[in-house]
Amino acid sequence: MITQADIKRIRSLHEKKFRDSLGLFIVEGEKMVREARDSGFEIVAEYRREDIGEETMRRISTMDSSSPVLALVRRRETPGDDFSGLCVALDAVRDPGNMGTILRVCDWFGVKTVYASADTVELYNPKVVAASMGAIFRVNVVYCDLEDVCRSFARKGLPVYGTFLNGNNIYEAGLGAEGLVVMGNEAHGISDGIAALVSDRLTIPSFGGSESLNVAAATAVTLSEFRRRI
């Protein structure tokens with residue numbers, strides 16, 4: 001059973017301000033809803049297409065085509081003050097698809113914590129949730145002052161890596177098992193304030209004619225090389 005009030009609330013969650021005020025976000029698809037439940041997130045409500053009808057599901061869905069199931073999930077705050085292991089920092093990554101894919105990459109390579117600047121795209125944006133393919137439920141994302149985080153890693157004696165066009169060849173550079181790996185904005189790269197705190201500048205050499213790598217692809221290549229050294 002779904003009421004007009006339910007429909008209105010669900011549709012409001014298409015917008016960030018209501019996701020923030022209600023503390024909820026939308027998850028769609030059998031796999032994603034199952035992963036949310038298995039990861040211990042609270043499922044507040046669940047709606048199935050066979051129960052509410054195709055037209056109603058299309059009205060509440062964030063996707064172009066309606067999903068077989070849609071759930072409202074309660075957001076969960078995660079601690080981010082451990083500053084240990086291999087972590088990733090996102091400096092103003094704006095594209096939801098990139099953000100979701102980066103979470104998948106981090107999940108694949110065993111990176112448990114991602115630090116994000118305040119101007120990085122919102123974690124619970126429906127396109128981020130969908131692109132993460134469930135990684136959103138396993139990777140901790142902490143929105144914070146990235147400069148403070150860089151300083152915290154440095155105080156613990158851990159390197160702060162950053163990807164630049166003019167850094168040291170990642171395949172020849174010394175890489176540690178712990179530290180912070182900063183990935184920059186799609187158009188402008190790492191901001192000047194963060195760049196000043198990077199201890200190890202890295203670059204992924206090009207073997208073709210492309211001008212630069214997509215930030216999600218660059219994250220995958222970078223983390224793969226770090227894990228290869230273990």
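**Two sheets, two pockets and a cavity**

Let's start with the six-stranded sheet. Its 6 strands run in the order E6-E5-E4-E8-E7-E9, the sheet is open, and the pairing is parallel. One caution before I go on: this is a predicted model.

Where does this sheet end? The edge strands are E6 and E9, the latter covering 200–203, and each pairs on one side only. Neighbouring strands here are turned against each other by 35 degrees on average, direction ignored.

Now one pair from that sheet. Strand E4 is residues 86–90, and strand E5 is residues 113–117. They pair in the parallel sense over 3 bridges. If you want a residue to click on, take Val88: its bridge partner in E5 is Val114.

What packs on this sheet? Helix H8, residues 146–155. H8 touches E4, E5, E6, E7 and strand E8, which is 179–183. The direction of H8 makes about 140 degrees with that of E5.

A quick reminder on sheets. Strands pair through backbone hydrogen bonds, either parallel or antiparallel. We have just had the parallel case. Next comes the antiparallel one.

This second sheet has 3 strands, in the order E1-E3-E2, and it is open too. Its edge strands are E1 and E2, with E2 at 43–48, and each pairs on one side only. On average, neighbouring strands in this sheet are turned by 20 degrees against each other, again ignoring direction.

E2 pairs with strand E3, residues 69–74, in the antiparallel sense over 5 bridges. Look at Ala45. Opposite it, in E3, stands Leu72.

Helix H3 goes with this sheet. H3 is residues 30–38, and it lies across E1, E2 and E3. It runs at about 160 degrees to E2.

On to the pockets. How much space lies in the largest pocket? About 720 Å³. Its lining has 25 residues. Nearest its centre are Leu165, Glu211, Ser212, Leu213 and Ala218.

Which elements build that lining? Strand E7, at 160–169, and helix H10, at 215–228, each supply at least two residues. E7 gives the most, with 3 residues. By class, the lining of the largest pocket splits into 12 nonpolar, 11 polar and 2 charged residues.

The second largest pocket holds about 320 Å³ of space. It is lined by 18 residues, and the closest to its centre are Glu77, Leu123, Tyr124, Val141 and Tyr143. Helix H2, 16–22, and strand E6, 140–144, are the elements that give two or more residues to this lining. E6 gives the most, with 4 residues. You met E6 earlier, as an edge strand of the parallel sheet.

What is the class make-up of this second lining? It has 9 nonpolar, 2 polar and 7 charged residues.

Last, the interior. The structure holds 1 cavity of 30 Å³ or more. About 50 Å³ of space lies in it. The residues lining this cavity are Ile26, Val27, Glu28, Met32, Thr62, Met63, Pro126, Val129 and Ala130. Strand E1, 24–28, and helix H7, 126–132, each give two or more residues to that lining. E1 is also an edge strand of the antiparallel sheet.

And by class? The cavity lining has 7 nonpolar, 1 polar and 1 charged residues.

To recap: a parallel sheet of 6 strands, an antiparallel one of 3, a largest pocket of about 720 Å³, a second of about 320 Å³, and a cavity of about 50 Å³.

Definitions and conventions: Residues are numbered from 1 along each chain as its sequence is written. This is a predicted model: local features need pLDDT of at least 70, side-chain atom pairs count only at pLDDT 80 or more; totals for chains, interfaces and linings use all residues. Side-chain values use heavy atoms; hydrogens and water are left out. On a 1 Å grid over the protein atoms alone, a cavity is a set of points where a 1.4 Å probe fits but cannot get out, and a pocket is an open set with protein on both sides within 12 Å along at least five of seven lines; lining residues have an atom within 4 Å of a point. Grid points are joined across faces, edges and corners, and a volume is the space filled by probe spheres set on the points. Ala, Val, Leu, Ile, Met, Phe, Trp, Tyr, Cys and Pro count as nonpolar, Asp, Glu, Lys and Arg as charged, and the others, Gly among them, as polar. Two strands pair if DSSP finds at least two bridges between them. Axes are lines fitted to C-alpha atoms, for helices over the stretch in contact, and angles run from 0 to 180 degrees between N-to-C directions. Contact means heavy atoms within 4.5 Å.
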